Amino acid sequence: MKIRDLHNEFTADRAAAERAYYGKFLTLEGISIRTGESQYGTPVVDVSDVPGGPHLAIFVLPFDDRIKESFRIVRSVPLGVPVTVKGECRVFSEDGTV
């Protein structure tokens with residue numbers, strides 16, 4: 001699934017999108033626009049639907065006993081390239097955005 005399509009579903013009807021996707025494993029495609037460490041110290045890749053585009057989602061890599069490997073992977077992701085991630089859909093926001 002393209003990240004723009006998922007983002008559009010959440011912005012159109014967040015409650016319905018959460019019922020449909022929260023806790024489910026998805027394969028998502030996006031373009032890397034930032035890589036590194038989140039404000040919580042987790043390894044992340046921020047994605048958009050186009051190079052340099054708007055921030056649409058954050059892919060958080062495992063931060064348990066695999067954290068070193070996750071940071072190694074994050075450091076290897078160039079900006080502006082397509083990335084595909086399979087993982088559990090979790091929705092976090094502090095201001096009501098996706």
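# Notebook: a sheet of four strands and its core

I began at the N terminus with K2, which counts as partly exposed because its relative accessibility is 48%; the scale I use calls a residue buried under 20% relative accessible area, exposed over 50% and partly exposed in between, with a 1.4 Å probe and protein chains only. The model is predicted, so I note that local features need pLDDT of at least 70 and side-chain atom pairs count only at pLDDT 80 or more, while totals for chains, interfaces and linings use all residues. Residues are numbered from 1 along each chain as its sequence is written, and side-chain values use heavy atoms, with hydrogens and water left out.

K2 sits in the segment before helix 1 (3-12). I also looked up its distance to E29: the two are 27 residues apart in sequence, yet their C-alpha atoms are 4.8 Å apart in space.

**Overall layout**

I count 3 helices and 4 strands in the protein chain, where helices (H or I, at least four residues) and strands (E, at least two) are DSSP runs numbered from the N terminus. Read from that end, the elements follow the order α-α-β-β-β-α-β. The radius of gyration is 13 Å, close to the 13 Å of the globule rule for 98 residues, so the chain is as compact as a globular protein of that length; the radius is taken over C-alpha atoms, and the rule is 2.2 Å times the number of residues to the power 0.38. Along the principal axes, the C-alpha atoms fill a box of roughly 35 × 30 × 25 Å. Of the 98 residues, 34% count as buried. For contacts (heavy atoms within 4.5 Å) between residues at least 6 apart in sequence, I find that 56% join residues at least 24 apart.

**The sheet**

Which strand order does the sheet have? The 4 strands form an open sheet in the order 3-2-1-4, with antiparallel pairing; two strands pair if DSSP finds at least two bridges between them. Strand 3 and strand 4 (82-88) are the edges, each with a single partner strand, so one side of each has no neighbour in the sheet. From one strand to the next the twist averages 55°, with axes fitted as lines to C-alpha atoms, for helices over the stretch in contact, and angles running from 0 to 180 degrees between N-to-C directions.

I then went through the pairs. Strand 1 and strand 4 are antiparallel over 7 bridges, and within this pair L28 has V85 as its bridge partner in strand 4. Helix 1 packs on the sheet, where it touches strand 1, strand 2 and strand 3, and its direction makes about 100° with that of strand 1. Strand 1 and strand 2 are joined by 6 bridges and run antiparallel, with I31 opposite S48 in strand 2; these two strands form a hairpin with 5 residues between them, and G41 in the turn has a positive phi of about 85°. Strand 2 (residues 43-48) and strand 3 also run antiparallel, joined by 4 bridges, among them the pairs of V45 with F59 and D46 with I58.

**Buried or exposed along the strands**

In a regular strand the side chains alternate between the two faces of the sheet. In strand 3 (residues 57-60), A57 and F59 point to one face and are buried, whereas I58 and V60 point to the other and are not. In strand 2, P43, V45 and V47 point one way and V44, D46 and S48 the other, and all are buried; with 6 of its 6 residues buried, strand 2 is therefore largely enclosed by the rest of the structure. In strand 4 I checked T84, which counts as exposed because its relative accessibility is 53%. Beyond its neighbours within four places in sequence, T84 is in contact with T27, L28 and E29.

**The core**

Which residues touch the most other members of the largest nonpolar core? Of its 18 residues, these are I3, L6, F10, Y21, V47 and F59; a core here is a set of buried Ala, Val, Leu, Ile, Met, Phe, Trp, Tyr and Cys residues joined through side-chain atoms within 4.5 Å. Helix 1, helix 2 (14-21), strand 1 (25-37), strand 2 and strand 3 each supply at least two residues of this core, and helix 1 gives the most, with 3 residues. I last looked up L6, which, leaving aside neighbours within four places in sequence, is in contact with M1, Y21, L26 and L28.
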